[in-house]
Amino acid sequence: MKKKILMAGMLLCTAVYSKEIGLVEVLEKLKVNNYEIKSQEQEIEIKKLTVKKEFKKLFPGADFEVEKEILNNQQYKDGANVFGPQKVTAGINVYSGGKLVNNYKKVKKDFSKSEIDLILVNQDMEIKAIELYFEILSLNKQKEITLFAKDTLLKQEKRLDILFSNNKMVSKNELLEVKADIMSIDAELLEYADSIRVAKEKLFVLIGEDINSDYTFTEYNEEFLRKSREQLQTDIEKAKKEGNLALKKDLDIEKAELDVKIARAGFLPTIKLNVEYRLDDDIKYGDNHKDWGLEIEASMNVFQWGATLDDIDSKKIALERRELEKNNVLENLTVDIRSKYSKIEQLKKEITIAKERKLLLEESTKIQNIRFTNGMLSSLDYLESIQLLRRAEEKGYVLQKDLILANKEYNNLIR
């Protein structure tokens, strides 16, 4: 019996422990289950198939044509009309002016862009998950403080009720104020419970978990290394050369260059090889004709009222626009990296101050709690001290969240 109880206890502990979840686990689930990430992964698969399709177009293809005609052949008995296919033609594209090759190169660029987009989507979803995670931690902490305040008020209510019932010089007004404050706290607790539920459900949808999942969210206490000014400059140079935003703009420029080449192909000829096999042509030509035929077909647009030149000029302007766009993005990227660096440094200092302030308020609240339970402080003043502590806790989580996001956004910008 004891063994069974022990096993049940161990299973219960395991179940409780398995329901705990930290930020690292949340981000791991996000990468595996998030809809936006999965959707982008499927987009990559589509692009991969498009690359394969365009690659196959580089090889000669065959277009089959069947010619049908009615023949009246006197050699056939009764001069009967003959119906049916008389010729099969296979057209093989030999040269397209470079359009096929450049289109293939373009879809490869699109594929590379989709891979970068997957990284960017991952980054965006991570930021959303982090924001929701710390919102839940903050709400839980504020709810915890509010429950502590309610517990203190209930004890005070009981004390005042006993004193009032025994005519111990306690006014009814003081007792009613405490009762009213308890009711206000009950309303606040309902609001906290609903806000926590909404934030959890949003996070569960984001990471692909059942919205009715019951997880305990653990604190996150990662320390961040202080970045030096020398490292900042190195990171900026790295981001402008190798960062995802820079690479994406490079791909846009390369695609625009290919568009110019494709437009110029309008001046080049296309060459097609036609292989022909005649069926029953002895009806027309007798027994000595050849069944096979081969012809080369070349075509070229000689005059289109300058439309091809207009197309080329249009693609050149688009290329210049892409180059200007890249320069603008890189300048803004430098500003953003510097801004995030300064933000990280500022937040570290603010967190240090916020931690010290919270410790002072916790000590003050303990003193106020003693004074209140001994009738030396009004419920209004006591709840004001509770409110200050709640705001300090909330500020602490906001700063911690902002620091993590600033650090992540900084790293996202440089890679």
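1. Start with the largest nonpolar core, a set of buried Ala, Val, Leu, Ile, Met, Phe, Trp, Tyr and Cys residues joined through side-chain atoms within 4.5 Å. This core has 33 residues, and Leu23, Leu30, Tyr133, Phe134, Leu203 and Phe217 touch the most other members. Buried here means under 20% relative accessible area, with exposed over 50% and partly exposed in between (1.4 Å probe, protein chains only). Helix 2 (23-33), helix 3 (35-56), helix 4, helix 5 (172-207) and helix 10 (379-414) each supply at least two of its residues. Helix 4 is the top contributor, giving 14 residues. Apart from this core there is another one, of 18 residues, including Ile337 and Leu399.

2. A word on the model before going further. It is a predicted one, where local features need pLDDT of at least 70, side-chain atom pairs count only at pLDDT 80 or more, and totals for chains, interfaces and linings use all residues. Numbering runs from 1 along each chain as its sequence is written, and side-chain values use heavy atoms, leaving out hydrogens and water.

3. Have a look at Tyr133. Leaving aside residues up to four places away in sequence, Tyr133 touches Ile21, Gly22, Leu23, Val26, Leu203, Phe217, Thr218 and Glu219 (contact means heavy atoms within 4.5 Å).

4. Now Gln142, also worth a click. Gln142 sits in helix 4 and is buried, at 7% relative accessible area. With residues up to four places away in sequence left out, Gln142 touches Tyr192, Arg390 and Glu394. Gln142 and Ile386 are 244 residues apart in sequence, yet 9.8 Å apart in space, C-alpha to C-alpha.

5. On helix packing: helix 4 (residues 99-165) and helix 7 (residues 244-264) meet at an angle of about 160°, axes 9 Å apart. That makes the two roughly antiparallel (angles over 145 degrees; under 35 is roughly parallel, 65 to 115 roughly perpendicular, the rest oblique). Axes are lines fitted to C-alpha atoms, over the stretch in contact for helices, and angles run from 0 to 180 degrees between N-to-C directions. Seven nonpolar, five polar and 13 charged residues make up the contact of helix 4 with helix 7.

6. Helix 7 also packs on helix 9 (residues 307-373), with axes coming within 8 Å and crossing at roughly 170°. This pair is roughly antiparallel too.

7. For the whole chain, count 10 helices and eight strands (DSSP runs numbered from the N terminus: H or I of at least four residues for helices, E of at least two for strands). Buried residues make up 36% of the 415.

Definitions and conventions. Ala, Val, Leu, Ile, Met, Phe, Trp, Tyr, Cys and Pro count as nonpolar, Asp, Glu, Lys and Arg as charged, and the others, Gly among them, as polar.
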